[in-house]
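This briefing covers the protein–DNA contacts, the pairing of the protein chains and the main pocket. Please look at the model first.

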Number of protein chains: 2
Amino acid sequence: MQLPPLKSLLYFKHAAELGSFKLAAEQLYVTQAAISQQIRSLETHLGCVLFERHTRKICLTAKGKLLLPHIRKAFEHLNHGVQVIEEDPQPSVLNLSVLPSFATCWLLPRISSFQRQHPHIRVRIDPSDSLVDFDAGEADLGIRFGKGHYPGLHSEVLASDDMLLAYKPGLIDPLKPLNEQIKSNHLIMDICPDAERAWRILFDKLALTDVLQPHFLEIDNAALVMQATLAGQGIGMLRRQLIQPQLDLAQLEIHPEFEVACDYQYYLAGPVGHFNWHKVKLFRTWLLGQFNSL
Amino acid sequence: MQLPPLKSLLYFKHAAELGSFKLAAEQLYVTQAAISQQIRSLETHLGCVLFERHTRKICLTAKGKLLLPHIRKAFEHLNHGVQVIEEDPQPSVLNLSVLPSFATCWLLPRISSFQRQHPHIRVRIDPSDSLVDFDAGEADLGIRFGKGHYPGLHSEVLASDDMLLAYKPGLIDPLKPLNEQIKSNHLIMDICPDAERAWRILFDKLALTDVLQPHFLEIDNAALVMQATLAGQGIGMLRRQLIQPQLDLAQLEIHPEFEVACDYQYYLAGPVGHFNWHKVKLFRTWLLGQFNSL
DNA sequence: TCTATGCTTAAGTTTTTCTAATGTAAAAAC
DNA sequence: GTTTTTACATTAGAAAAACTTAAGCATAGA
C-alpha cells in the first residue's frame with residue numbers, strides 16, 4: 001500500500017483544520033500556490049477530491065472528512081514522538097561550542113553577565129575550530145563565524161563584523177601616511193580567509209605590491225594575534241567584535257583610514273529542537289542583547 | 001515544534017524494524033546510501049544518535065527505542081486513513097477511459113472475453129482523447145498511447161506498436177515497386193504524431209518529395225482511417241495492434257517492405273490506490289494476457 | 001591475514017517542491 | 001448592476017531535497 005507524498009498529508013491537515021489554503025500557507029511559511037499544488041497532488045494520488053472549492057472558502061468532501069481524523073492522529077503521534085526525543089537531558093548545563101578566538105576575546109569577557117543573570121545554569125564552553133557533533137550530544141549550541149550554511153541545523157545571524165588595523169597606542173602616528181607605517185612595522189596576520197582578504201585589499205588600496213614576506217608575523221589564532229598586537233609587536237588585522245574591550249580600555253588603537261566588512265558573519269546554530277529548550281532560549285536572548293547593546 | 005523531514009521518519013521506521021539499512025533500502029526500492037543519508041539527516045535534525053552502527057548490524061540507541069513506537073503508531077494511522085479513502089466505491093463496475101480509436105479497434109473486439117471470464121463485473125468504456133479526471137471518480141483506469149509520463153498517477157507499459165502500410169487485398173501489387181504504388185493511390189493519413197512521422201520516414205526512404213497534398217486523405221481518427229482503408233479507398237498508415245483482427249481475417253493486407261516502430265507505447269494508468277482494487281487487478285491480468293498472447 | 005559485508009561519504013544528477021506572476025470566478029461593496 | 005476584492009488555480013522557471021553511483025572504511029568471519 002503506497003503512501004502519498006507525506007508532505008502533502010501535512011498540508012492537507014493544516015488546510016482542512018483552517019478551512020483555507022491561504023491560512024495554511026501562512027501557518028506553514030510557504031506560498032498559497034505551494035499548498036494548492038500539494039493538495040492537488042494528494043488528490044491525484046488518492047484518485048478522489050478532498051476539498052470542494054468555493055470562491056471564498058473550501059469545504060471538506062465526504063472523503064476528506066473521512067481522511068482528516070486519521071491524518072490528525074498520525075501527526076499527533078509524530079509530534080509527540082519527536083517531543084519525547086527532544087527533551088533537554090540536562091536543563092541546568094549549557095554546552096557551547098565556540099571558536100577558540102571568539103571564546104577568548106568575546107565570550108569569556110562577557111559571560112559573567114549571563115552567569116549573574118542565571119546562576120542556576122552552569123555554562124561550559126568548548127572551544128573548537130569545527131562544528132562539533134551535535135548528534136552525539138557534544139554541545140547544545142554552536143557559535144560560528146561563517147556563511148550560515150549548516151545543513152540540517154537551524155541557524156540565525158548574530159552580527160556582522162569588520163576587519164580593522166589595530167596597534168598599541170603610540171606605535172604609529174596616524175597623521176603620517178599609512179603607506180609608510182605599513183612598510184616600517186611588522187604586520188601580524190591571522191591565517192583566516194577574511195584577514196588575508198583584508199590585507200590584500202589594504203595593499204591594493206595603497207598600491208603596495210613589494211611587501212616582503214618576512215615582514216609578516218603569521219599566527220594561526222586571532223586571540224594570539226591580538227595578544228601580539230597588544231604587546232606592541234606590530235600592526236594587527238583584527239575583527240572589531242574581538243577587540244572591542246581593548247578599544248574601550250584604550251589598550252589598542254585602530255587606524256581611522258581602514259575598515260573592510262567581513263565576508264563571514266557570526267551565527268548561532270544547532271539542532272532545531274534545541275531552540276525550544278529553556279536554557280537555550282535564555283542564552284539566545286542574552287546573546288542577542290549583548291550584540292545589540294554594542 | 002518543527003517536525004523533521006517526514007521521509008526520514010519513514011526510512012527510520014523501516015530501518016529500525018528491519019535492523020538494517022540494507023534491507024530497508026530493498027524494501028523501499030532505493031539504494032542503501034539513500035537510507036544512510038536520510039537517517040543521518042534525521043539524527044542531525046533531532047540532535048541525537050538513533051542507531052549504533054556496528055559492522056554487520058545496527059541497533060537502536062536509547063533515544064531510538066524511545067522514538068520508534070511513536071513513529072510506528074503514526075504510520076499505522078496514515079496507512080489506515082489512506083486505506084479507508086482508497087476503498088473501491090463500486091466494486092462491480094469497471095470504468096475505463098480509453099482512446100476512441102483503441103476502444104473501437106482493439107478493446108471492443110476483445111472485451112467479450114473479459115466479460116465471459118468475469119460476468120459479475122460490469123464494464124463501462126469511456127472513449128476520450130485526453131486523460132479524464134480521476135480525482136472526480138470519472139474512471140477507475142485509463143489506457144493511453146503515449147510516453148508514460150502521467151504525473152501523480154501510477155502507470156505501466158502494456159505494449160509497443162509499429163506503423164504499417166495497410167490496404168484492401170488486391171488494391172496494389174506488392175511485387176511492383178512501392179514507389180509507384182504510393183504515387184498512384186490515395187494515401188489515408190491519421191492526424192497523429194506517429195502516423196505523420198511514419199509517412200515522412202517512408203517518403204524519405206523512397207526519396208519522394210514531390211507528393212502532392214491532394215493525394216492525401218486526412219482523417220482525425222485511426223478507426224475511421226481503418227474503415228476507409230477497409231473500403232478500398234487507398235493506402236492507410238495504421239498501427240499493427242489496431243488492425244490485427246483485420247489482418248487475421250485477411251480483410252487487410254500490409255506491405256512487406258515497410259514498418260516503423262512507434263515513438264509512443266500503450267500504458268495502463270491510474271491513481272496508485274486503484275491498483276489494489278479487485279476488479280482492477282482482474283482487468284489488468286486479463287489485459288496483459290491479451291497483449292502477451294499476440 | 002584475507003575476504004566479504006554493510007555503513008559512510010562525496011559528487012553529480014534527477015526529482016520534487018517552491019516562488020512569482022498571472023488568470024479566474026464568485027462574493028461583497030459600491 | 002457594475003466594480004472591486006478575495007481566494008484558489010495554473011504556469012514556468014528557480015531552488016532545494018533526495019537519489020544514484022562510485023569509492024572508502026571498519027570489522028566479523030573464513
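**DNA strand D**

Sugar or phosphate accounts for 57% of the atoms of DNA strand D within 4 Å of the protein, and bases account for the rest. This is a predicted model, in which local features need pLDDT of at least 70, side-chain atom pairs count only at pLDDT 80 or more, and totals for chains, interfaces and linings use all residues. Residues are numbered from 1 along each chain as its sequence is written, chains are lettered from A and ligands numbered from 1 in the order in which they are written, and side-chain values use heavy atoms, with hydrogens and water left out.

- Around DNA strand D there are 22 residues, of which A:Gln32, A:Arg53, B:Tyr11, B:Thr31 and B:Thr55 come nearest; a residue is near a strand if one of its heavy atoms lies within 4 Å of it.
- The side chain of A:Arg53 has an N or O atom 2.4 Å from a phosphate oxygen of DNA strand D, and a polar backbone atom of B:Thr31 is 2.7 Å from a phosphate oxygen of that strand.
- On the base side, an N or O atom in the side chain of B:Gln37 is 3.1 Å from a base oxygen of DNA strand D.
- Two or more residues of the surface near DNA strand D come from each of α2 and α3 (32-46) of chain A and α1 and α3 (32-46) of chain B; helices are DSSP runs (H or I, at least four residues), numbered from the N terminus.
- With 5 residues, α3(A) gives the largest share of this surface near DNA strand D.
- The residues of the surface near DNA strand D comprise 7 nonpolar, 9 polar and 6 charged; Ala, Val, Leu, Ile, Met, Phe, Trp, Tyr, Cys and Pro count as nonpolar, Asp, Glu, Lys and Arg as charged, and the others, Gly among them, as polar.

**DNA strand C**

- DNA strand C is surrounded by 23 residues, the closest being A:Tyr11, A:Thr55, B:Gln32, B:Ser36 and B:Arg53.
- Of the atoms of DNA strand C within 4 Å of the protein, sugar or phosphate holds 61% and bases the rest.
- An N or O atom in the side chain of A:Gln37 lies 3.2 Å from a base oxygen of DNA strand C, while one in the side chain of B:Gln37 lies 3.4 Å from a base nitrogen.
- For the backbone of DNA strand C, a phosphate oxygen is 3.1 Å from an N or O atom in the side chain of B:Arg40.
- The largest share of the surface near DNA strand C is the 5 residues of α3(B).

**Chain pairing**

- A turn of 180 degrees and a shift of 0.0 Å along the axis lay chain B on chain A with an RMSD of 0.1 Å, by least squares on the C-alpha atoms of residues with pLDDT of at least 70 in both.
- The two copies are thus related as by a two-fold rotation axis.
- B:Ala74 has the C-alpha nearest the axis in chain B, 2.0 Å from it.

**Largest pocket**

- The largest pocket holds about 1,300 Å³ of space.
- It is lined by 35 residues, and A:Pro5, A:Leu6, A:Lys7, B:Leu6 and B:Lys7 are the closest to its centre.
- A pocket here is an open set of points on a 1 Å grid over the protein atoms alone where a 1.4 Å probe fits, with protein on both sides within 12 Å along at least five of seven lines; lining residues have an atom within 4 Å of a point.
- Grid points are joined across faces, edges and corners, and the volume is the space filled by probe spheres set on the points.
- The lining of the largest pocket has 21 nonpolar, 10 polar and 4 charged residues.

How values were computed
Polar contact = N/O pair within 3.5 Å; in protein donor to acceptor, adjacent residues only side chain to side chain.
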